[in-house]
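Biologist: Please take a close look at the largest nonpolar core of this model. Which residues have the most contacts inside it? Then carry on to the parts around it.

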Amino acid sequence: MLDPKVPSVARMYDYFLGGKDNYAVDRDASEELSKAAPSTRALAINNRKFLQRAVRYVAEQEGIRQFLDHGSGLPTQDNVHQIAQRVDPDSSVVYIDNDPVVLAHGRALLADNDRTTVITADIRDTDGIMSDPAITELLDFSKPVAALFVSVLHCIPDGDDPAALVRRVMDRLAPGSMLVISHLVSEDDEVRNRLTDFMLTATQNNWGRVRTTAEVSPFFNDLELVDPGLVEISTWRPNLGDVTQQTLEWIEFGGVARKK
């Protein structure tokens, strides 16, 4: 159980996106982070737009009708289930997060949607998640699933091996399944260490670290990358008229891939 007196990554993200489901401790930490990395709000907005484009792509172009969203965060406008169910109302979506506030708000939002659920779980517990009755009643793992790890794997420490976590999940999914990842990266050692130390201190070690592009790229090993491959995510298939909000101190890096 997370301590509401300690900043939560999910609630900080909500604050950066202009949401209201956050506490003073989250707002204070977010403002301090903005001083250390002024482009963080733009980075959060870029990331949310990437999630929306990626979900629309895998639903429309890849025909995916099942979504497993790891570390989903708090509900905002145009959630995964709303995008997927606009393509096909029968699409099924499971949100997973370890913040009890996410569970409370998510269940209130989804009370009337029987094709979508939210559970509280540690995303590292792949076996527990994939055997959870709330999930197995909604998702059929013999058919393709889109596994989403959007702006969450940098919350996983090296000792818990985020690359192995991704492999465990993808190994359990059917051929034709999709992987969507975005991850905070910087090629500058000082920036990486400084922002990692800030987040570790703010969350009382409930975080991982900022990584390099070379460290994140292997998360997609053995999968077929969708064009344009692994990129700064604001450049991944932008919509006509999208305004790219360049971030300076760190970027979200990632892409979409297909299990053969």
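Modeller: What follows starts with the core and moves on to a helix pair and a buried arginine. The model is predicted.

The largest nonpolar core has 33 residues. Inside it, L68, F149, L153 and L179 have the most contacts. Several elements give two or more residues to this core: β2 (92-97), α6 (126-130), β4 (146-150), α8 (162-172), β5 (178-185) and β8 (251-258). The most comes from α8, with 5 residues.

Take L153. Beyond four places in sequence, L153 touches P162, L165, V166, I181, H183, R211 and F219. Another core, of 25 residues, lies apart from the largest one. Its members include I64, F67, A84 and V231.

Now the helix pair. Helix α2 (residues 24-36) and helix α9 (residues 189-202) have axes that come within 11 Å. These axes cross at roughly 170°, so α2 is roughly antiparallel to α9. On the α2 side, the contact uses A29, E32, L33 and A36. On the α9 side, R194, L195, F198 and M199 meet them. The contact residues divide into 6 nonpolar, no polar and 2 charged.

Last, R53. This arginine sits in helix α3 (residues 40-60). R53 counts as buried because its relative accessibility is 6%, and the cut-off is under 20%. Its side chain reaches the backbone oxygen of W236 at 2.9 Å. Leaving aside neighbours within four places in sequence, R53 is in contact with I233, S234, W236, R237, P238, N239 and D242. W236 therefore appears both in the contact list and as the backbone oxygen partner of R53.

Notes: Residues numbered from 1 in each chain as written. Predicted model: local features only at pLDDT ≥ 70, side-chain atom pairs only at ≥ 80, totals over all residues. Heavy atoms only, no water. Core = buried A, V, L, I, M, F, W, Y, C linked by side-chain atoms within 4.5 Å. Buried < 20%, exposed > 50% of the residue type's maximum accessible area, 1.4 Å probe, protein only. Helix = DSSP H or I, 4+ residues; strand = E, 2+ residues; numbered from the N terminus. Contact = heavy atoms within 4.5 Å. Polar contact = N/O pair within 3.5 Å; in protein donor to acceptor, adjacent residues only side chain to side chain. Axes fitted to C-alpha atoms, helices over the stretch in contact; angles between N-to-C directions. Parallel < 35°, antiparallel > 145°, perpendicular 65-115°, else oblique. Nonpolar A, V, L, I, M, F, W, Y, C, P; charged D, E, K, R; others polar.
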